[in-house]
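User: I would like to go through this structure with you. Short answers, please.

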Amino acid sequence: MKTIKHNGVAWFFDDERLVDAVTNLGADQKDDRRTYCTVPFGDGRIFVKFFREKGILGFVRNWVNPRGRREFLVGKSLESFAVTTPQPRGYGLSRTGSFVLQEWVDAQPLWSFMSDPVLRPRLLKGLAHLLLQLREHRVLHNDLHLGNVLIEGDRLYLIDLHKTRIKGRLFSEADEMKNLCHIMGDFYQEMGEDEKEMFFLFYGKPAIRSILEKELVAQRAEWIERKKGRAFSTTSKLTRIGRRVYVEGAKNNAEEVLIECIKNDRKVRVERYNDHIRKIYRNNRRLKKAWRNHVAIEYLLLPVVPKPFYVQEGSLFDSGFIAMEDLQGRGEELDRYLDRHYDTMGSQKTNRFIELLADFLSMLLRKGILHRDMKACNLFVLEDGFRFLDVEDIIFRPYSEEDLRNMFCQLNLSVPRRIRFSHRARFFLNVTGRLGIEKSKRTRLFRDVVKATIGEAIVYEGVDGLRKESWTET
C-alpha cells in the first residue's frame, strides 16, 4: 500500500497513480453523514464515499475502526472469495471521518429489474448464487436489501460493505437467516410458487423455506407495529405540532373551507372541504386505529388508500379527525360504478376490469393487507386503479382461507344482482390463481362461497340510492 498525506487526509492506495485522483478531496467535506462522488482515473472513474463522524461515539469509531477502512478491507476479503464487488482501491483517514475508494461500476440497483417477470427467473438464480457464496464464506452483510446489490449485464455486485462481518467459524443459522430475510423481505410476497421453488433449489437448501417464511411474517409484523407505534410522534415521515400530526409534505394541504357534509352516522361524520375530506370519528379508538393504518401504509409506499394529510386528536370538547385527499370527480365506489357502467362495458372492457381488480386485491393479500369489511362500497374505482376506504378496518397479517371466503361472500352480496355468474367466477379464479392456491382448495372455496351467498339478500348503493335485491328476481 502507498501512503501519502494531502489536505488533512492520510491516504492509503494500491496504486500511486491515485494521488492525482484525490487532489481535490480533503477533510472539509460538506456536512452530510455520507458524501458520494466520482473522480476521473485513467480511462475510467473512481467512486469515492466519505463517512462523516459526529459526536463522541463517532470520534471513537473513527479512531478505533473507521468505516472507510473497514469497507476497503471487507471488499478485499470478498475479492479473495470471488464474491463480486466493486474493486476496492484505497481509503483515507481524516479527523472528521474516513473515505473509501472503489472502482466505478456503471450498474443499476437490483430492485429496478425485479418487477420484470421475464428477467426475474435469471435474476433470482444470480441472487441465489450470491447468497450461497455469502453462506459458504460466512459473510453477514447486515444491510442486505435490493438497493445494495447492483446489476451490470449478468453480474451482481455487492456494495455498502461497512456493516459487513466475516464471521469465520461463528456463522450460525441465525446469521444465514438475516441475509435471507433482509434481501427476500423486499419482494418475496411478489414471487410465484414456481419462482420460490426455483430459488430454493438454486440456493441448495429447500428445507429452509418454511423457516424463512415464518421469520419474514414475524419480522414484517414487528416492523408494522413499530411504524404504527410512532404514528403520533415526529419521525422521518411525520411532524407533530400540538394536537396534529402531519404527513411529510402535507402541512400546506387541507385548508378549512367547509363545502358539505357527505355522511353522518353513529360512528363517523364525513365532511368535504375545498381541498380535502375530513373523517371525524365519534370513537377515539377507531380514530387512532385508522391513523396508525394510514401511517403503516405510507411507510409501505403503497397508493392503496386515500392519501392522508394529517390527523387531529380529539379532546374533551371535540372529536378527532383525519384529513385526506378528496377522490370526488376521479371515480366512485365499486357498487355504484358497476350499477352505472356494467351494462354498457362490453366483454373486452369487462374482462380487463376484472383482471385489474383481481391484480389489486391479490397484490394486497400477498403483502398481508386485508380489509375486514370488504363490501363493494369500500372499494373506490379510479381511472388508474383502486383504493380501499374505511382504513380503520384494514388489518396486517397473512390471509387465511376463512379470510378469502368472507371477502368473496361480502363482495358477492354487495354488487348488483345482474352481474353475471361467469364474471363473478372469473374474478374469483383470477384472484385465487394469482395467489397460487392449488386447484382442489380453489374448488372447495368456490363452492363454499356459492353455498353461503346464493340465498342471501343483495344490498348495495346504486346510482339511485340504496338497493336491495334477491337472487330469484327476473
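User: Which residues point one way from β2, and which the other way?

Analyst: This is a predicted model. In a regular strand the side chains alternate between the two faces of the sheet. In β2, Ala-10 and Phe-12 take one side, and all the residues on both sides are buried. The opposite side holds Val-9, Trp-11 and Phe-13.

User: Why is strand β2 largely enclosed by the rest of the structure?

Analyst: The strand covers residues 9-13. Buried here means under 20% relative accessible area. β2 is largely enclosed because the count of buried residues is five of the five.

User: Which residue in β5 is the bridge partner of Trp-11?

Analyst: β2 pairs with β1 (residues 2-6) through five antiparallel bridges, and there Ile-4 sits opposite Trp-11. β2 also runs antiparallel to β5 (residues 88-93), with four bridges. On the β5 side, Trp-11 is partnered by Gly-92.

User: What is the phi of Asn-7, in the turn between β1 and β2?

Analyst: β1 and β2 make a hairpin, and two residues separate them. Asn-7 belongs to that turn. Its phi is positive, at about 55°.

User: Which are the edge strands of the open sheet β7-β9-β10?

Analyst: The sheet has three strands, paired antiparallel in the order β7-β9-β10. Four bridges link β9 (residues 149-152) to β10, with Glu-152 opposite Arg-155. An edge strand pairs on one side only, which here describes β7 (108-109) and β10 (155-158).

User: Which helix gives the largest share of the largest nonpolar core?

Analyst: That core has 47 residues. Those with the most contacts inside it are Leu-334, Phe-353, Phe-360, Leu-361, Leu-379, Phe-388 and Phe-427. The largest share is nine residues, and it comes from helix α10 (residues 346-366).

User: How many residues are in the second, separate core?

Analyst: Nonpolar side chains tend to be buried together in soluble globular proteins. This core includes Val-74, Met-114, Ala-128 and Phe-199. Its size is 35 residues.

User: Which residues is Phe-360 in contact with, leaving aside its neighbours within four places in sequence?

Analyst: Phe-360 is among the residues with the most contacts inside the largest nonpolar core. Contact here means heavy atoms within 4.5 Å. Beyond its sequence neighbours, Phe-360 touches Val-304, Leu-379, Phe-386, Arg-387 and Phe-388.

User: What covers the buried residues of α9?

Analyst: In this helix, Leu-334, Asp-335, Tyr-337, Leu-338 and Asp-339 are buried. Leu-334 also appears among the most-contacted residues of the largest nonpolar core. The cover over α9 includes β19, α10, β21 (379-382), α11 (401-412) and β24.

User: Is Tyr-281 buried or exposed?

Analyst: Tyr-281 is in strand β16. Outside its sequence neighbours, the contacts of Tyr-281 include Val-268, Leu-287, Ala-290, Gly-320 and Ile-322. Gly-320 is 39 residues away in sequence, yet the C-alpha atoms are 6.0 Å apart. With a relative accessible area of 3%, Tyr-281 is buried.

User: How many charged residues are in the lining of the second largest pocket?

Analyst: The pocket holds about 1200 Å³ of space. Of its 42 lining residues, Lys-263, Glu-333, Cys-377, Asn-378 and Leu-389 are closest to the centre. Elements that each supply at least two lining residues include β14 (258-264), α8 (284-300) and α9 (334-341). By class, the lining has 18 nonpolar residues, six polar ones and, for the class asked about, 18 charged.

Notes. Residues numbered from 1 in each chain as written. Predicted model: local features only at pLDDT ≥ 70, side-chain atom pairs only at ≥ 80, totals over all residues. Heavy atoms only, no water. 1 Å grid on protein atoms, 1.4 Å probe; cavity = no way out; pocket = protein on both sides within 12 Å on 5 of 7 lines; lining within 4 Å. Points joined across faces, edges and corners; volume = space filled by probe spheres on them. Nonpolar A, V, L, I, M, F, W, Y, C, P; charged D, E, K, R; others polar. Core = buried A, V, L, I, M, F, W, Y, C linked by side-chain atoms within 4.5 Å. Buried < 20%, exposed > 50% of the residue type's maximum accessible area, 1.4 Å probe, protein only. Pairing = 2+ DSSP bridges.
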